[in-house]
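Biologist: Please take a close look at one part of this model, the place where consecutive helices meet. I would like one connected account of the packing there and of the residues involved.

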Amino acid sequence: MASVAVDPQPSVVTRVANLPLVSSTYDLMSSAYVSTKDQYPYLKSVCEMAEKGVKTITSVAMTSALPIIQKLEPQIAVANTYACKGLDRIEESLPILNQWANTDLFSQLELDVCLKE
């Protein structure tokens, strides 16, 4: 009997990160962060120290949490399934999530907020 490969459901975190609005906003902010670091050498050195600290803390945290994550993997999979269903509903009700971030989009959002006030 041939085995059938089952495509695992992508994690809700991956799905959110791949939403056009989220990924393009991340790209805009990342670009601004790098540009700011390049313009201000003192700020760059502070940011690089902070980045190194975050990487170290993250590494230690992941090493410590890995056994717990592995033990809770079935529960995490169930939670991911429910979270993905919730994200499906959110995407249906907020079509803006499937638009790319740009200055025009942010200007329109700002205008909408002002008009509601």
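Modeller: In this predicted model, helix H3 (residues 41-71) and helix H4 (residues 73-93) have axes that come within 5 Å and cross at roughly 75°. That angle makes H3 roughly perpendicular to H4. On the H3 side the contact is made by Ile69, Gln70 and Lys71, and on the H4 side by Glu73, Pro74, Gln75 and Ile76. By type, the residues of this contact divide into three nonpolar, two polar and two charged.

H3 also packs against H2. Two packed helices are described by the angle between their axes and the distance between the axes. For H2 and H3, the axes come within 6 Å and the crossing angle is roughly 125°. Angles over 145 degrees count as roughly antiparallel and those from 65 to 115 as roughly perpendicular, so H2 and H3 are oblique to each other. From H2, the residues taking part are Tyr33, Thr36, Lys37, Asp38 and Gln39; from H3, they are Pro41, Leu43, Lys44, Cys47, Glu48 and Glu51. The division here is four nonpolar, two polar and five charged.

One of the H2 residues in that contact, Lys37, can be followed further. Helix H2 spans residues 20-39 and contains Lys37. Is Lys37 buried or exposed? Its relative accessibility is 11%, and buried means under 20%, so Lys37 counts as buried. Beyond its neighbours within four places in sequence, Lys37 is in contact with Lys44, Cys47, Glu48 and Glu51. These four residues are listed among the H3 residues in the contact with H2. With Glu51 there is a polar contact, side chain to side chain, at 2.9 Å.

As for the setting of this part, the protein has five helices and zero strands, and along the sequence the pattern reads α-α-α-α-α. Of its 117 residues, 14% count as buried, and Lys37 is one that does. Among contacts with a separation of 6 or more, 68% join residues 24 or more positions apart. The exposed area of the protein is about 9600 Å², of which carbon and sulfur atoms supply 66%.

To return to the part requested, H3 is roughly perpendicular to H4 and oblique to H2.

Note on methods
Residues numbered from 1 in each chain as written. Predicted model: local features only at pLDDT ≥ 70, side-chain atom pairs only at ≥ 80, totals over all residues. Heavy atoms only, no water. Helix = DSSP H or I, 4+ residues; strand = E, 2+ residues; numbered from the N terminus. Buried < 20%, exposed > 50% of the residue type's maximum accessible area, 1.4 Å probe, protein only. Contact = heavy atoms within 4.5 Å. Areas by Shrake-Rupley, 256 points an atom, 1.4 Å probe, with all protein chains shown as cover. Axes fitted to C-alpha atoms, helices over the stretch in contact; angles between N-to-C directions. Parallel < 35°, antiparallel > 145°, perpendicular 65-115°, else oblique. Nonpolar A, V, L, I, M, F, W, Y, C, P; charged D, E, K, R; others polar. Polar contact = N/O pair within 3.5 Å; in protein donor to acceptor, adjacent residues only side chain to side chain.
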